[in-house]
Amino acid sequence: MEQLLRILEELHPEVDFKTSKSLIDDKILDSFDIITLIAEINEEFDVRIPVDEIVPENFNSAESLYRLIQKLQDED
Amino acid sequence: MMTRQNNILEYLENIVDVCPDKVCYANESEEFTFRQVYSCARAIGTFLYRQGHYKKPVVVFMKKHPKMIITFLGVVYAGDYYVPIDEEMPVHRIELIFRNLSPEAVICDETTKDKIRSFNYDKDVYLYDEIIKTTPDDAVLQYVFDKAIDTDPIYVVFTSGSTGVPKGVVACHRSVIDYIESFSDVLGVSPDTVFGNQTPLYVDASLKEIYPTLKFGATAYIIPKELFMFPMKLVEFLNEKKINTICWVVPALTMISGLGVFEKVKPEYLHTIAFGSEVFPMKQFLIWRKTLPDAKFINLYGPTEATGMSCYYTVDREFSEDDVIPIGRPFRNTDIILLNEENKPAGPGEPGEICIRGTSLTLGYYRDFERTNEVFVQNPLNDLYPELIYRTGDIGKYNERGELVFLSRKDHQIKHMGHRIELGEIEAAVGRMNGIINVCCIFDEDKKKIILYYTGDCQKTEVINYAREKLPRYMVPHVVEKLDVMPLTTNGKINRLLLKEKYMNRKKESE
């Protein structure tokens, strides 16, 4: 989780990712961020996010994104 | 008798009786027929003219929506020229644009009408929903139409400028008609065309959907911006609206192919894919081609200063992973000259600056003769009579097949996420921050990252926050690094090459 938070904070140092639950709905993350995130997660966690998991629900909070990463790591 | 078209409004005037009830412009939830577009635009034209706005810039400050396009047309009906402004643009940048324009009229919608009050602007503000209630006055509109000539401007769009001050490119009826005619031929636009618009309406890229739709009685959907974050939903939208023609920036296309969307869902109706703004990574292109083997793929190239696009290449052969897709040849009635460092035509295979000749040349930069004269210059190959060319600052060459190939930028201008960015503009903006001493930006081509180095007494997060405040989203640096000293070259300029070298070495080490 720390690793993910670091990636997120590098993108948006002004956001508190531990508490924010509506990163997409509140338009905090935009398409640039999503693309960057997918690439960074791929690199740092060595998981490929399948395209059908690239949906708003998975990107709305650091927690949901982390759950997704864990799920993908377990599947490997 | 067929007379030559001199006014872009003739596209609309000619088509409205052919298919009045067909959908012209739409988004995910609202549709506007040709008749509605026609009557709303004429209402706006009548209103503006009666308010005394004639042959003036009219700012269109609205959310991306079919109504925004209708407003553009309305502004032209009044004999004015439209200046689209991005609703998400930082206030600082908008103020710079307003200072250049001194506009006397701004058209807003419900979402922007409050924001305009925060600007330093005290002239007229009109609300779209109000002014479309005006009853169109045929006599007034006919008068304006009869007085117009084809070299009158129809829009000003602002692009990035190296000094930090955006440049307003002014284009006229003639150049736009010239472009739309040949562009439509190359794409094969017809009444059956259903466009899916991706590019913002405040750049000239949107000409591709706006005017061919009117010329042919086609249909153009504005795709919601959010869908470009979630590629599955994007392709589903294309299928739902039966979109068959797209003209997108390359990153929008590579996002779909790169994330593996095609393994789950494919565009069912898409048969024409035009792309531009950046080099299409071959690996991604091959995925697209394999997925849609019967589709027509067209590479486009061109600067805003020459009205939309200037060159095209329709993919007509197989490419392998090491190939580069050429930019091909100029559109009809446009000429490309490659000039080498001696201002002579570049020989076969020799790189040269891409220079453009023709009706497609815009009128230049708004209220900026100095910067206009730097790049709209006398053709150095002609010393017999006045003839302008536009120097793009892009370097190209002809390949062994005689096709034009793009090589690089001459200066520090970069292409990122479909936007043209002067790194100097980012530096200028951040350089204004209190406590900052020196700023230098470099661009990591592979990772598509903007890296900003600075010296001075500021925290990194302060710098990032400041950049976010002052710059459009796509210009905000991805990485910000504080340096103790800024490396300089022997003649006192910031040593960009050294910074880039350092960055690349560090990147290699961390990999």
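In this predicted model, the buried residues of helix α14 of chain B are covered by elements that include α4 (91–101), α13 (423–431), β25 and β26 of chain B. The buried positions themselves are Val463(B), Ile464(B), Ala467(B) and Lys470(B). They span an arc of only 140° around the helix axis, which places them on the same side of α14(B). A lysine thus appears in the list beside valine, isoleucine and alanine; burial here is a matter of neighbour count, with 20 or more other C-beta atoms lying within 10 Å of the residue's own.

The strands around this helix are worth following in turn. Strand β24 (residues 436–444) of chain B pairs with strand β25 (residues 449–456) of chain B in the antiparallel sense, and 8 bridges join the two. Within this pairing, Asn438(B) has Thr455(B) in β25(B) as its bridge partner. The two strands make a hairpin, with 4 residues between them. In its turn sits Lys448(B), whose phi is positive, at about 55°.

Strand β25(B) also pairs with strand β26 (residues 479–482) of chain B, this time in the parallel sense and over 4 bridges. Here Tyr453(B) is found opposite Glu481(B) of β26(B). To get from β25(B) to β26(B), the chain passes through helix α14 (residues 460–470) of chain B, and the resulting β-α-β crossover is right-handed. Both strands joined by this crossover are among the elements that cover the buried residues of α14(B).

On the scale of the whole chain, chain B is divided into domain 1 (8–13 + 23–148), domain 2 (333–409) and domain 3 (413–510). The C-alpha centres of domain 2 and domain 3 of chain B are 30 Å apart.

Chain A offers a helix that can be examined in a similar way. Helix α4 (residues 62–75) of chain A has 14 residues, which at 1.5 Å a residue should span 20 Å; the C-alpha atoms at its ends are 20 Å apart, in agreement with that expectation. Its buried residues are Ala62(A), Leu65(A), Leu68(A) and Ile69(A). These cover an arc of only 125° around the axis, so they fall on the same side of α4(A). They pack against α1 (2–11), α2 (31–45) and α3 (56–59) of chain A. The face turned away from this buried side carries Arg67(A), Lys71(A), Asp74(A) and Glu75(A), which are exposed.

Conventions: Residues are numbered from 1 along each chain as its sequence is written. Chains are lettered from A and ligands numbered from 1 in the order in which they are written. This is a predicted model: local features need pLDDT of at least 70, side-chain atom pairs count only at pLDDT 80 or more; totals for chains, interfaces and linings use all residues. Two strands pair if DSSP finds at least two bridges between them. A crossover is right-handed if, with the strands pointing away from the viewer, the path from the first strand over the helix to the second runs clockwise. The expected span of a helix is 1.5 Å times one less than its number of residues. A residue is buried if 20 or more other C-beta atoms lie within 10 Å of its own, exposed if 12 or fewer, and partly exposed in between; C-beta atoms are placed from the backbone. The arc is that of the directions from the helix axis to the C-beta atoms. Two residues are in contact if their C-beta atoms, placed from the backbone, lie within 7 Å. Domain bounds come from an automatic or database domain assignment.
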